[in-house]
Amino acid sequence: MALDYTKAAQEVLDAIGGADNVVSAAHCATRLRLVLADDSKVDQAAVDNALGAKGNFQASGQLQVIYGTGTVNKVYDEFIRLGNITAATKAEAKAAAAEQQKNPFMRAIKLLGDVFVPIIPAIVASGLLLGILSALSFMDSNGFITLDTNNAWYQILNLVSNTAFTFLQILIGYSAASAFGANPYLGAVIGMLLINPGLQNANTVATEGVQQTFTVIPGLYSIEWTGYQGHVIPIVIAAGILAFIEKRLHKVVPEAFDLFVTPLVSVAATAYIVMLAVGPVFVWAENAILGAIQLLLTLPLGLGSLIMGALYAPTVVTGIHQMYTTIDLGQIASYGVTYWLPLASAANIGQAGAALAVALKTRDVKIRSLALPSSLSAFMGITEPAIFGVNLRFFKPFVAGCIGGGLGAMFASVAGLAASGTGVTGIFGILLCLNQPVQYIIMFAIAGIVSFAISFMLYRDETPAQDTASTTPAVEAAPAAAEPAPAPSGPTPTSEPAAALPASIVAPLAGNAIPMEQVSDPVFASGVMGGGIAIVPSEGKLYAPADGKVIVLADTGHAVGIAADNGAEILMHVGIDTVGLEGKPFTAHVKVGDHVNAGQLLMDIDLDYIRAQGLDTVTPIIITNTASYEAVEPCANGPVKVGDQVVTAR
């Protein structure tokens, strides 16, 4: 009797607490993969007894309900239809699960990455050019070179160099609103608000003082009428507030009025909250931190500089570093030089070295293409791309950069390194320290080499999105266990399927045959999907194990199913957790519906690529209709070649 897919999906949906408890839903070749908001809402007994389910288990932040090939996709279609749930890719579901498992601090770090990674290209373009033009202008003003800055060619480059930073809050507002799920154009409006020309430019406060204040509560509370140029956290917080208000208004405002009421109220309410509370609190925090910095710089043996060199990058995250100009100007006024700028330069070089290590060590082309120019920008003194796009995103490189920056700053303080001006750090910062070039070079080397070495040792590429439960500690600890992994909880089918004729399955790959019990994935090892054998391949070619019709070809290429002419239904799952590779190592030569002959090439597999991602290439060959036979028995162990008999079913 055919399974009632609608009823099966409804039972699972009810058992997990309804659609409102679903963060993400996806499926692979064999199982429904659900990321839930609250696991306590799950009725485990109901999940165990869900119609058609062969079992279930929790792994990697997901509830995985096993249905098998040809069934799971139909249950999934009904599941998302009944729950009005947006379908997710397997990678998106894995990412959602990882997000659910993160602690609040790591979620905040990831949020910053989600906000800043999309705008990194704009920052890199302007940052690199800004560093180059700043150095050229300094050399021109000090007689090292002659540069005509009064022509259109230079002025256009000058505009390009500062545009992204001048309007950075608009970019952040748009990106942050998107990350929080708000209307990104409303986020851009809030960004414009914070740098509106009607407010005093924050960059002038250090030299001109606050020019205007407004009373909020007479005699108790006033606000400074200044902009937020250079500040990062206020606009991110503002975007979060905007999203909070907008989402709730969408639920309560009638559709006829939603178009104009929701944007108006969202923007206005956010503006009042940010201008009256969030912004002033942030300014107060800045002033308190600046006072503490002045105190730290007076500590002996460079200890204060060590601390500040290490903490400089975290203050870049908050935007507080924009106020450090007051320290530079104050020291230049008092001593004729600034001892603060070399500390800042050491911190920037530290982050540059850490990002460079990521660029050289990663195997991910996208990460390398981001980390390399970001590192170059940081060596020029513009660290935002490296910090937000690379180091903070992976965190350990960020810590490495802080350590290297702290040690470089400590040396600078002990050596009495001072700069004659401000505004240029990194490679070109030496132009401000021409009286002590050797000390500057040593500081540069300490900060860069230490941070590079620590980052290179600590950084690891993130584990790719995975398809199965093999990342759970119990499975990782025993990938080749002698005993079968425990079967997932849940009922086994009670109906007796029609008997099938005896069948023989040949090896679809060359390699080393092992018992299914030794496969690290508990779904395969337990036999819940059916009996069979597994092969650790020695060459990257998958052939048909019998004459039959292709009935399954995963869109990610990692699984192929064949309905054999002899009655066997065969699933070949290439590797463990390879679904997260999104088809990159697989090149299929057949499609669903094709009839193939035993020994016919089905696909090419890049085994080296799979291994490079740290994944197991072992390939289970499963008779998914095992219940149709009296016995399904492996008949090979050890080396096998394509065409060798490996499984008999009778």
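**Helix packing and ring pairs**

Biologist: Is the crossing in which H15 passes H17 left-handed or right-handed?
Modeller: This is a predicted model, where local features need pLDDT of at least 70, side-chain atom pairs need 80 or more, and totals for chains, interfaces and linings use all residues. Residues count from 1 along each chain as its sequence is written, and side-chain values use heavy atoms, with hydrogens and water left out. Helices are DSSP runs of H or I, at least four residues, numbered from the N terminus. As H15 passes H17 (near helix turned anticlockwise from the far one by less than a right angle), the crossing is left-handed.

Biologist: What angle do H15 and H17 pack at?
Modeller: H15 spans residues 340–361 and H17 spans 384–394, and their axes (lines fitted to C-alpha atoms over the stretch in contact, angles from 0 to 180 degrees between N-to-C directions) sit 10 Å apart. The angle between them is about 45°. That makes the two helices oblique (not under 35, over 145 or 65 to 115 degrees), so the label for H15 against H17 is oblique, at about 45°.

Biologist: Which residues of H17 make the contact with H15?
Modeller: Contact means heavy atoms within 4.5 Å. H15 brings Gln-351, Ala-354, Ala-355 and Val-358. From H17 come Ala-386, Ile-387, Val-390 and Asn-391.

Biologist: How many aromatic pairs does the structure hold, and what is the centre-to-centre distance for Tyr-174 and Tyr-185?
Modeller: There are seven such pairs (ring centres within 6.5 Å). Tyr-174 and Tyr-185 are edge-to-face, with 85° between the planes (over 60 needed). Tyr-174 is in H8 and Tyr-185 in H9, so the pair ties together parts eleven residues apart in sequence. Centre to centre, Tyr-174 and Tyr-185 are at 5.4 Å.

Key:
Phe/Tyr/Trp six-rings, centres within 6.5 Å; stacked < 30°, edge-to-face > 60°.
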